[in-house]
Amino acid sequence: MHFVLASTWLLATALTVPAQAAPREVPVSSVAELRAAIQSAQAGDDIVLAAGSYEVDGNLNATSPGTAQAPVVVRSATPRTALIRFGSGLVEGFKLSAAWWTIEGLDIEGTCVDDSDCEHAFHITGNADHVVIRGNDVRDFNAQIKSNGAIVDGVRVFPDDVLVERNWFHDTRARMTSNPVTKIDVVGGRRWVIRANTISDYEKGGGDTVSYAAFLKGNSRDGLMERNLVRCSWHTSGGMRLGLSLGGGGTSPDSICEGGSCSPEHQDGTLRNNVVMDCNDVGVYLNEAARSHILNNTLYDTSGIDVRYAASSADVRNNLMTDSIHNRNGGTSTQSGNLTGITPSQFAAWFIDPANADFRLGDGSAFVDQGVAAAVSNDFCGATRSDGALDIGALEYQPQPACRLDQGGGTPLDRIFADGFE
């Protein structure tokens with residue numbers, strides 16, 4: 001009988017476990033190099049774009065997955081100094097159909113002559129779970145982000161656990177198309193998180209003229225939208241503009257929705273700590289959105305909140321808003337701690353300059369420490385609500401908010417990446 005010392009056996013065993021491959025930096029300075037790097041990507045690749053302009057025609061297809069320990073990353077060497085311009089013909093930009101990809105710090109622009117051609121900057125589909133879209137400036141697309149299902153091995157599969165955070169999604173002019181115009185357009189999928197983005201100036205110039213900042217629909221589930229600033233009409237106006245939505249304008253046919261049914265359009269979603277302003281329609285729209293939680297949002301100069309159709313149910317708490325909460329076409333909600341019907345003159349008395357997104361405190365007696373208990377631990381700025389009593393609305397005043405919504409003279413990306421806003 002042979003005996004092996006335990007330490008020797010453990011060492012031998014450890015040596016048989018494959019080591020995690022170190023990340024591989026892949027420098028890129030041309031469109032050809034960028035396309036080749038994405039097409040041949042391996043788990044752990046860090047694809048780094050040099051500063052400059054990249055004129056891209058056609059999709060950039062990401063089909064090889066990363067892993068949780070080694071995602072594939074595409075980034076600018078210095079944030080937003082790599083300008084990617086998508087144009088010339090039908091374009092979806094980055095088409096992601098594999099898991100564990102991160103795209104961050106890019107400047108992305110749609111330049112199609114026909115607005116109907118520049119559909120998406122990012123198309124996230126099929127097996128593209130755990131994708132991260134972070135810190136990008138993305139403008140002039142019909143949908144900066146589009147997600148839906150794809151048939152994989154005979155089954156329709158939807159991306160889950162996607163994170164969209166700290167981006168600026170906007171358009172420089174109206175989208176002259178009858179195609180859908182929504183800056184984040186998600187059909188199906190679970191546990192999406194849309195956090196700390198600025199979404200502004202989106203207009204559908206053709207067709208029904210209806211546009212949205214963002215929606216989750218198609219029987220998607222457990223979505224979270226938090227700490228976003230939506231300025232429907234900041235530098236532009238026109239069309240019918242809605243803010244954040246669970247359900248959007250609805251989905252059909254049932255075969256393209258998760259589980260083979262489009263009703264409800266969303267289940268168990270949460271909208272909290274968002275500021276939505278300057279919308280000529282509702283700031284929050286729930287369309288067949290079951291068991292929704294609408295908590296501590298500030299809606300300024302919008303038509304309030306719609307809870308619409310019998311499949312919609314909502315717990316609506318601690319929202320500070322012009323207009324009111326509308327239960328429509330059989331939709332139901334429970335309501336507590338909300339301040340509704342606030343006039344622009346009241347807002348102007350309470351805040352420094354709300355019309356220009358300056359929500360620093362003037363007179364907070366009506367809403368500071370006046371909220372009811374809710375599942376909200378922080379505020380729009382990410383600051384902890386720690387004084388024992390929730391303020392109504394998206395901001396907690398201690399005595400002032402921890403960040404400036406009006407950018408303090410900078411840009412939305414300055415606000416997004418300011419100290420204390422993470």
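This is a chat about the confidence, the cavity and one loop residue of a predicted model.

Biologist: What does the pLDDT of the protein chain average?

Modeller: The average is 93, and 94% of the residues score at least 70.

Biologist: And where does pLDDT stay under 50?

Modeller: Over residues 1-18. For that stretch the model has one contact beyond four places in sequence.

Biologist: New topic. How many cavities of 30 Å³ or more does a search of the whole structure find?

Modeller: One. The space in the largest cavity comes to about 40 Å³.

Biologist: Which residues line the largest cavity?

Modeller: Thr298, Leu320, Phe351 and Phe359 do, together with Ile392, Gly393, Ala394, Leu395 and Tyr397.

Biologist: What is that lining by class?

Modeller: Seven residues of the lining are nonpolar and two are polar, with no charged residues.

Biologist: Switching to Asp222. Where is Asp222 found?

Modeller: In a loop, with strand S22 (220-221) before Asp222 and strand S23 (224-226) after.

Biologist: Why does Asp222 count as partly exposed?

Modeller: Because its relative accessibility is 38%, and partly exposed covers the range between under 20%, which is buried, and over 50%, which is exposed.

Biologist: Which residues does Asp222 touch, leaving out those up to four places away in sequence?

Modeller: Asp222 touches Arg191 and Trp192, and also His266, Gln267 and Asp268.

Biologist: What about Arg190, how many residues apart along the chain is that from Asp222?

Modeller: Arg190 and Asp222 are 32 residues apart along the chain, and 5.8 Å separates their C-alpha atoms.

Conventions. Residues are numbered from 1 along each chain as its sequence is written. This is a predicted model: local features need pLDDT of at least 70, side-chain atom pairs count only at pLDDT 80 or more; totals for chains, interfaces and linings use all residues. Side-chain values use heavy atoms; hydrogens and water are left out. On a 1 Å grid over the protein atoms alone, a cavity is a set of points where a 1.4 Å probe fits but cannot get out, and a pocket is an open set with protein on both sides within 12 Å along at least five of seven lines; lining residues have an atom within 4 Å of a point. Grid points are joined across faces, edges and corners, and a volume is the space filled by probe spheres set on the points. Ala, Val, Leu, Ile, Met, Phe, Trp, Tyr, Cys and Pro count as nonpolar, Asp, Glu, Lys and Arg as charged, and the others, Gly among them, as polar. pLDDT is the predictor's confidence in each residue, from 0 to 100. Contact means heavy atoms within 4.5 Å. Helices (H or I, at least four residues) and strands (E, at least two) are DSSP runs, numbered from the N terminus. Buried means under 20% relative accessible area, exposed over 50%, partly exposed in between (1.4 Å probe, protein chains only).
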